[in-house]
Amino acid sequence: MVFIGPRVRMVKRLCIAAFAGIAVLTQTSASAQARSARDYLNAPVDAWLTLANSNYSTSVTPGDGTDISSRVRSNVFSQTVILTRIMDFGGRTGGLSAIVPYAVANAKTNETHLSNNGLSDFGAMWQMNIFGGPALKREQFRFFVPQTFSSFHFITLIPIGKYDPSNPINPGSNRWTFYPTVNYSWTPDRGLTWLELYLSTKLFTTNRSFGSAGTSSLAQNPLYLAEVHASRNLIRRWWASTDAYYNIGGQTRIDDIRQGNAANTLRLGVGSGLSVWSGGMVIFNYEEVAARPSSQPDSRTFRIKIQQFW
């Protein structure tokens, strides 16, 4: 049996908390992680969609027992730019996307302060409607009445972001991530109201260069996610939403030693979208943790998303 002293436990907790915070906040796309109501509405084919997604999150990860001095306080600002080509896949709307993320992060305890910034893991996304989202040209889309639909989305995150094993905080993860999602979006009144369910799984390969010497391995169990969004038009160009996010699983292992940090977390939030110019929309979101295990961080996140069709 190996005894891990208080100081070593604190540093290890800092490493894991910082890593988890970066991974959750930067390994996302417009449709992932950081998602909003109406992220998957149908759009005309043979068009482009550009999206800039900014996130700011602040969190506190509990320390060991009653030792509040070992709590980890972290702040993460991430910016993701996504370029999507909307296409016709056998009569159904689909698309291919390139995802370019950047992160600025810091984490500290009463004794330690760490920070880092740089490009995160690049991503590629393929998506296609399952039903209810026919492929329509711009001229046809003008007369399209929104209807209930479902679609499939698959994101691959490529481990080419900035990564230094000697720094516990890294924008890149040094591992592949695969992220399938299925959404079901129901509208009872021709698009004035949307009730939406997003179901996702995150799958991770192993980071074999983890820790200060880069000689440890970090593995992670699948992380399962469910989101519910209810949104309603307030006026023609403005809608508001209430949002709920639930994550479970995702426990990490360092050299096959379980870290006891599996998620079982509920977050609640609100959002709003405003169409302020032709083809453009600004979306705001706020969410915070409502229920969590003692090992998981208490966090708050603010998001602003700007999207433009062209």
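Two strands count as paired when DSSP finds at least two bridges between them. Keep that rule in mind for the views below, which come from a predicted model.

**View A. The hairpin of strands E3 and E4.** Strand E3 covers residues 92-108 and strand E4 covers residues 113-119. The two run antiparallel and are joined by 7 bridges, comfortably meeting the requirement of at least two for a pair. A hairpin of 4 residues leads from E3 to E4. To get your bearings, start at Tyr102, whose bridge partner in E4 is Leu119. As you trace the strands, remember that side chains in a regular strand alternate between the two faces of the sheet.

**View B. The largest nonpolar core.** This core has 11 residues. Leu51, Ile82, Ile99, Met125 and Ile155 are among them, and so are Leu157, Tyr179, Phe204, Leu223, Leu225 and Ala263. Strand E6 (149-158) supplies at least two residues of this core, as does strand E11 (223-235). As a general point, nonpolar side chains tend to be buried together in soluble globular proteins.

**View C. An open sheet of 4 strands.** Here the order is E9-E10-E13-E14, and the pairing is antiparallel. Strand E9 (207-210) and strand E14 (257-258) form the edges, each pairing on one side only. Between E9 and strand E10 (residues 216-220) there are 2 bridges. A handy landmark is Asn207, whose bridge partner in E10 is Leu218.

**View D. Ser166 and its surroundings.** Ser166 sits in the loop between E6 and strand E7 (177-186). Is this serine buried, exposed or partly exposed? Its relative accessible area is 46%, so Ser166 is partly exposed, as that value lies between the 20% and 50% cut-offs. The side chains of Ser166 and Asp164 are joined by a polar contact of 2.7 Å. Beyond neighbours within four places in sequence, Ser166 is in contact with Gly211 and Ser212. Gly214 is 48 residues from Ser166 along the chain, yet their C-alpha atoms are separated by 7.0 Å.

**View E. Residues 1-32 and the confidence of the model.** Averaged over the protein, pLDDT is 87, and 86% of the residues score at least 70. Over residues 1-32, however, pLDDT stays under 50. The model has 85 contacts beyond four places in sequence for this stretch. Please take care with such contacts, because predicted coordinates should not be read in detail where pLDDT is low.

How values were computed
Residues are numbered from 1 along each chain as its sequence is written. This is a predicted model: local features need pLDDT of at least 70, side-chain atom pairs count only at pLDDT 80 or more; totals for chains, interfaces and linings use all residues. Side-chain values use heavy atoms; hydrogens and water are left out. pLDDT is the predictor's confidence in each residue, from 0 to 100. Contact means heavy atoms within 4.5 Å. A nonpolar core is a set of buried Ala, Val, Leu, Ile, Met, Phe, Trp, Tyr and Cys residues joined through side-chain atoms within 4.5 Å. Buried means under 20% relative accessible area, exposed over 50%, partly exposed in between (1.4 Å probe, protein chains only). A polar contact is a pair of N or O atoms within 3.5 Å; within protein, one must be able to donate a hydrogen and the other to accept it, and residues adjacent in sequence count only if both atoms are side-chain atoms.
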